[in-house]
Structure formats: C-alpha cells, structure tokens
Amino acid sequence: MQIMKEYDMNIKIVTDSSANLLDGMMPDVSTVPLKITTSERDFVDDSQLDVEDMLAHLRQYKGKSGTACPSVAEWLDQFEGADWVFAVTITSKLSGCYQSACIAAQTYQEQNPDAKVLVIDSLSTGPEMVLLVEKLRELIAEDLSFKQICDAITEYQNHTHLIFSLESLDNLSKNGRVPVAIAKAIGFLGLRIVGSALDGNLHPMHKCRGEKRAISQLWQSAEEMGFRGGKVRITHTHNPDAAEAFAALVREKYPDCDIQISGNRGLCGFYCEQGGIIVGFSCEN
Ligand code: X90
C-alpha cells in the first residue's frame with residue numbers, strides 16, 4: 001500500500017534537554033529544558049545556559065541542589081502546530097519527564113483530534129536519546145505511515161545502548177537516583193564507576209582505578225554488549241581527553257566508524273559531574 005503524506009504536514013521531534021542538543025543543531029528538532037537549582041541560583045537547561053558558569057557555581061556551592069523536569073505546558077508549547085509529534089524523554093525510572101510528556105500528549109490529542117503523538121521513554125538519557133532522534137529523522141524522511149515509524153523506532157530501541165564512566169555519584173545519590181551505599185563505594189580519589197543503563201536505571205558494573213583503566217573497561221563493555229562498528233555518540237563533562245581516548249579505541253578496530261563527541265549540557269553536566277563521560281552506541285551492523 002502506498003502511503004501519501006500531505007505536502008503541508010507538520011512533523012515535530014521534541015526531546016528534553018538531557019539529550020544535550022542545542023537549538024539549531026538539528027533542524028526540526030526542538031527541546032524542552034529541565035532545570036537545575038540550588039538555594040542561591042536557578043539554571044534553565046536551554047541553549048542560553050552557560051554550562052561553565054553553572055559548573056563553577058556548583059563547585060563552590062556546599063548546600064542542597066536538585067533538578068526538575070519540564071512542565072506539561074512546556075511540552076505542549078513545543079507540540080503546538082504539529083500533525084505528528086515524536087517526543088523522546090529521559091528514562092521514566094529516574095525522572096518525571098516522561099509522565100509530563102504523556103499528559104501533554106493526551107491534552108494535545110484532545111485539543112487536536114487528528115493529531116498523532118508518540119512519547120518514547122528512552123529508558124536512558126543523553127547520547128542514546130540522540131541516536132533515537134537521528135533514527136526518527138531518517139524514518140520521517142522515508143515515505144512511512146505514523147504506525148510504521150512507531151514500530152520501527154520501537155524496534156530500533158532494542159539495538160541501542162548507553163554506558164558511562166563517572167568519577168562521582170554524589171549528585172545522583174543526593175537526589176535519590178542511586179543508593180547512597182553505591183555512591184560511597186567510590187568516594188576515593190581516582191576511582192571510577194563504569195556502568196550501563198539497564199531497564200531504565202543506572203546499573204554500576206565495574207570499579208576502575210584511574211582513567212585509562214576506566215576507558216578500556218568502557219570499551220570492553222561496549223564490545224560485550226554487542227557493539228560491532230555501529231554509531232557512537234559521546235558526551236562528557238570537562239573531559240574531552242577521555243572521550244577522544246574512547247573514540248581512539250573504537251577507531252583502532254572500526255576505522256570508519258561514525259563517532260561524534262560533544263560536551264554535556266546542564267542536566268547531564270549536573271549528574272555526570274566533573275570528568276564524567278557517557279557513550280551511546282548502536283548495534284545495527
Ligand atoms: O526529573 C529530573 O529532575 C531529572 C532527573 C534525572 C536523573 C538521572 C540523570 C542521569 C544523567 C548519568 C549517567 C548515565 C546514567 C544512565 C541511567 C539510565 C547521566
């Protein structure tokens with residue numbers, strides 16, 4: 001059956017700011033910001049955020065800090081005018097983003113009965129969300145029905161993964177996102193936790209002493225999880241060297257691999273902290 005899309009159909013991809021995408025980086029993709037707060041300052045994780053300024057403030061700040069997901073209204077604002085919406089959120093296990101996006105989707109469909117909205121729980125964050133967004137853009141460029149795109153992106157999620165290396169889990173544990181006992185276990189200088197996103201939660205796998213060991217463990221984990229030269233998206237907080245070292249290990253085996261490296265924005269910067277790196281990869285080929 002041939003599916004014809006109307007010429008003036010408006011299709012939007014909307015993601016929350018944990019994907020680290022800036023306005024204009026990908027046309028037709030828009031972002032709703034999470035917020036980072038301390039008792040002294042509030043930071044909105046949008047394209048205007050000065051991430052360096054936020055991290056500098058957090059370094060010297062000793063009190064309580066936290067994050068908040070976007071409101072229903074903020075999602076709705078971005079859905080406005082679309083016939084089809086694909087919303088990609090940070091894992092529903094660690095944030096209310098997915099819930100607020102689902103309520104927005106319901107409201108939007110009540111107000112626009114012909115509109116279609118898919119809210120995708122990435123069960124992950126950062127660079128794995130970027131892979132989902134990139135795939136959605138490819139699927140939209142093909143002549144597919146809404147349902148075909150939904151099925152294809154759901155299938156694709158089985159082939160993407162997220163791994164990370166973190167020097168500190170303080171902000172994660174202080175905000176109830178990982179057990180305090182796990183955070184304390186790496187409270188020693190030079191230790192890193194290497195882990196993965198498993199069923200939408202942060203899953204610590206290895207304690208590594210020193211960056212070099214952490215990076216080679218990260219690479220070993222990627223291979224064990226089935227990486228065979230697919231796409232790689234890396235983000236880091238003030239640690240381009242670690243990102244490049246990981247990319248070098250990938251290229252040693254897969255010289256033509258599609259790898260992109262960028263800096264964390266506010267939300268991932270807050271939780272990954274200094275030195276943290278996150279890697280999203282696909283196992284398609
Ligand atoms: O709603 C909110 O306030 C946002 C809470 C987000 C908490 C988790 C952030 C994780 C950031 C850390 C490394 C990767 C972990 C992957 C786990 C699925 C990134």
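Of the 285 residues of the protein chain, 52% count as buried. The model is a predicted one. Its secondary structure comprises 10 helices and 13 strands. The radius of gyration is 19 Å, close to the 19 Å that the globule rule gives for 285 residues, so the chain is as compact as a globular protein of that length. Along the principal axes, the C-alpha atoms occupy a box of roughly 60 × 50 × 30 Å. Among contacts with a separation of 6 or more, 73% join residues 24 or more positions apart. The exposed surface amounts to about 13300 Å². Carbon and sulfur atoms supply 51% of that area. Charged side chains number 26 positive and 39 negative. The centres of the two sets lie 9 Å apart.

Two helices were examined in detail. Helix 4 covers residues 126-141. At 1.5 Å a residue, its 16 residues should span 22 Å, and the end C-alpha atoms are 23 Å apart, which agrees. Of these 16 residues, 13 are buried, so helix 4 is largely enclosed by the rest of the structure. Leu 139 belongs to this helix. Its relative accessible area is 6%, under the 20% limit, so Leu 139 is buried. Beyond residues up to four places away in sequence, Leu 139 touches Leu 144, Ile 149, Ala 152 and Ile 153. Its C-alpha atom is separated by 38 Å from that of Glu 211, 72 residues apart along the chain.

Helix 8 takes in residues 211-224. Its 14 residues reach 20 Å from the first C-alpha to the last, close to the 20 Å expected at 1.5 Å a residue. The buried residues of helix 8 are Ala 214, Ile 215, Gln 217, Leu 218, Trp 219, Ser 221 and Ala 222. They pack against four strands and one helix by name: strand 8 (160-166), strand 9, strand 10, strand 13 and helix 9 (240-253). Gly 226 follows helix 8 and has a positive phi, near 110°.

Backbone angles drew attention to two further positions. Most residues other than glycine have a negative phi. Asp 199 has a positive phi of about 50° although it is not a glycine. It sits in the loop between strand 9 (191-198) and strand 10 (201-209). Both of these strands also receive the buried residues of helix 8. With a relative accessible area of 56%, over the 50% limit, Asp 199 is exposed. Glu 273 likewise is not a glycine, and its phi is positive, near 60°. This residue occupies the loop between helix 10 (266-272) and strand 13 (277-282). Strand 13 is another packing partner of helix 8. Glu 273 has a relative accessible area of 15%, under the 20% limit, and is therefore buried.

Three other residues illustrate local surroundings elsewhere in the chain. Arg 59 lies in helix 1, residues 51-60. Its relative accessible area is 54%, so Arg 59 counts as exposed. Neighbours within four places in sequence aside, Arg 59 is in contact with His 238 and Gln 274. Arg 59 and Ile 186 are 127 residues apart in sequence. In space, their C-alpha atoms are 19 Å apart.

Ser 39 is placed in the loop between strand 3 (35-38) and strand 4 (42-44). At 64% relative accessibility, Ser 39 is exposed. Contacts outside its neighbours within four places are with Tyr 61 and Lys 64. The C-alpha atoms of Ser 39 and Ala 197 are separated by 30 Å, with the two positions 158 residues apart along the chain counted as their distance apart.

Met 9 precedes strand 1 (11-16). It is partly exposed, with a relative accessible area of 22%. That value falls between the 20% limit for buried and the 50% limit for exposed. Leaving aside neighbours within four places, Met 9 is in contact with Asp 83 and Trp 84. Met 9 and Gly 195 are 186 residues apart in sequence, and their C-alpha atoms are 41 Å apart in space.

Methods:
Residues numbered from 1 in each chain as written. Predicted model: local features only at pLDDT ≥ 70, side-chain atom pairs only at ≥ 80, totals over all residues. Heavy atoms only, no water. Helix = DSSP H or I, 4+ residues; strand = E, 2+ residues; numbered from the N terminus. Rg over C-alpha atoms; globule rule 2.2 N^0.38 Å. Buried < 20%, exposed > 50% of the residue type's maximum accessible area, 1.4 Å probe, protein only. Contact = heavy atoms within 4.5 Å. Areas by Shrake-Rupley, 256 points an atom, 1.4 Å probe, with all protein chains shown as cover. Lys, Arg positive; Asp, Glu negative; His and termini not counted. Charge placed at Lys NZ, Arg CZ, Asp CG, Glu CD. Expected span 1.5 Å × (residues − 1).
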